[in-house]
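Reader: I have a model open at the bench and would like to know the reasons behind the labels people put on it. Could we go through them together?

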Amino acid sequence: MQLLTKAIKAKLPSFTVSTCQTPNTEFVCKFFDPCGSWTWYVLEGEEVEDGDWRFYGLVDGFEREWGYFMLSELESVRGPLGLGIERDLHFEDVPVVSVCA
C-alpha cells in the first residue's frame with residue numbers, strides 16, 4: 001500500500017505555514033498498525049532533503065503523545081505477521097478535538 005499519495009501531499013500543510021501562522025485544526029491522514037494498537041494521525045508534513053517526508057501529529061501507541069515521525073520509519077515497520085503499516089482509506093480531514101477527546 002502506498003502510504004503517501006499525491007492527493008495527501010497536496011493537502012498537507014507545511015510546518016512553517018500552519019505552525020507559525022494558523023494552527024491546523026484537522027488531521028489530514030491516519031496510519032495504523034493492522035496487527036497492533038499503534039496509530040499515527042498526521043497534522044502537518046513536508047519533504048526533507050533526501051526525499052523522505054517528516055510528519056508532525058499525534059502518535060497513539062503505549063501513550064498518546066505529539067511528535068515528529070518519518071515516512072521511512074513507517075514504511076520500515078513489519079508486524080509479527082509480516083504486515084506493514086497501512087493508511088486508513090476512509091479517513092478524511094477529522095478535527096483534532098474529535099480524536100483527542
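**Reasons behind the labels**

Author: Happy to. Let us start with Thr39, which is called buried because its relative accessible area is 12%, and the cut-off for buried is under 20%. Thr39 sits in strand 3. Beyond its neighbours in sequence, Thr39 touches Lys30, Phe31, Phe32, Leu58, Val59 and Asp60. Please keep in mind that this is a predicted model.

Reader: How do you know how far to trust the prediction, and where is pLDDT under 50?

Author: The mean pLDDT of the protein chain is 87, and 87% of its residues reach 70 or more. Residues 17–22 stay under 50, and the model has eight contacts for them beyond four places in sequence. Where pLDDT is low, the predicted coordinates should not be read in detail.

Reader: Thanks. What makes Lys30 and Asp88 a salt bridge?

Author: The side chains of Lys30 and Asp88 meet at 3.4 Å, N to O. The cut-off is within 4 Å, so the pair qualifies. Lys30 belongs to strand 2 (residues 29–32) and Asp88 to the loop between strand 6 (86–87) and strand 7 (94–95), so the pair ties together parts that are 58 residues apart in sequence. Both Lys30 and Asp88 are buried.

Reader: How many salt bridges does a search of the whole structure find?

Author: The search finds two. Besides the pair just described, the side chains of Arg64 and Asp60 meet in a salt bridge at 3.3 Å, N to O.

Reader: Why is Arg64 called partly exposed?

Author: Its relative accessibility is 42%. Partly exposed covers the range between 20% and 50%, so Arg64 falls into that class.

Reader: Now the rings. Why is the pair of Phe27 and Tyr41 called tilted?

Author: A search of the whole structure finds nine aromatic pairs. In this one, the ring centres of Phe27 and Tyr41 are 5.4 Å apart and the planes stand at 45 degrees. Stacked needs under 30 degrees and edge-to-face over 60, so tilted is the label that remains. The pair links distant parts of the chain, with Phe27 in strand 1 (residues 26–27) and Tyr41 in strand 3 (residues 39–47), 14 residues apart. Phe27 and Tyr41 are both buried.

Reader: And what makes Trp38 and Phe62 edge-to-face?

Author: Their planes are 85 degrees apart, with 5.1 Å centre to centre. Since edge-to-face asks for over 60 degrees, the label follows. Trp38 lies in the loop between strand 2 and strand 3, and Phe62 in the loop between strand 4 (53–60) and strand 5 (64–70). Trp38 is partly exposed at 28% relative accessible area, while Phe62 counts as exposed at 77%.

Reader: Which residues do ring pairs link into a cluster?

Author: The cluster consists of Phe27, Tyr41, Tyr56, Trp66, Tyr68 and Phe91.

Reader: Last topic: which strands stand at the edges of the sheet, and why?

Author: The open sheet has five strands in the order 5-4-3-2-6, with antiparallel pairing. Strand 5 and strand 6 each have a single partner strand, so one side of each is left without a neighbour in the sheet.

Reader: How do you know that strand 4 and strand 5 are paired?

Author: Seven bridges join these antiparallel strands. Pairing asks for at least two bridges, so strand 4 and strand 5 pass. Within this picture, Val59 stands opposite Glu65 in strand 5.

Definitions and conventions. Residues are numbered from 1 along each chain as its sequence is written. This is a predicted model: local features need pLDDT of at least 70, side-chain atom pairs count only at pLDDT 80 or more; totals for chains, interfaces and linings use all residues. Side-chain values use heavy atoms; hydrogens and water are left out. Helices (H or I, at least four residues) and strands (E, at least two) are DSSP runs, numbered from the N terminus. Buried means under 20% relative accessible area, exposed over 50%, partly exposed in between (1.4 Å probe, protein chains only). pLDDT is the predictor's confidence in each residue, from 0 to 100. Contact means heavy atoms within 4.5 Å. Rings of Phe, Tyr and Trp (its six-membered ring) pair if their centres lie within 6.5 Å; planes under 30 degrees apart count as stacked, over 60 as edge-to-face and the rest as tilted.
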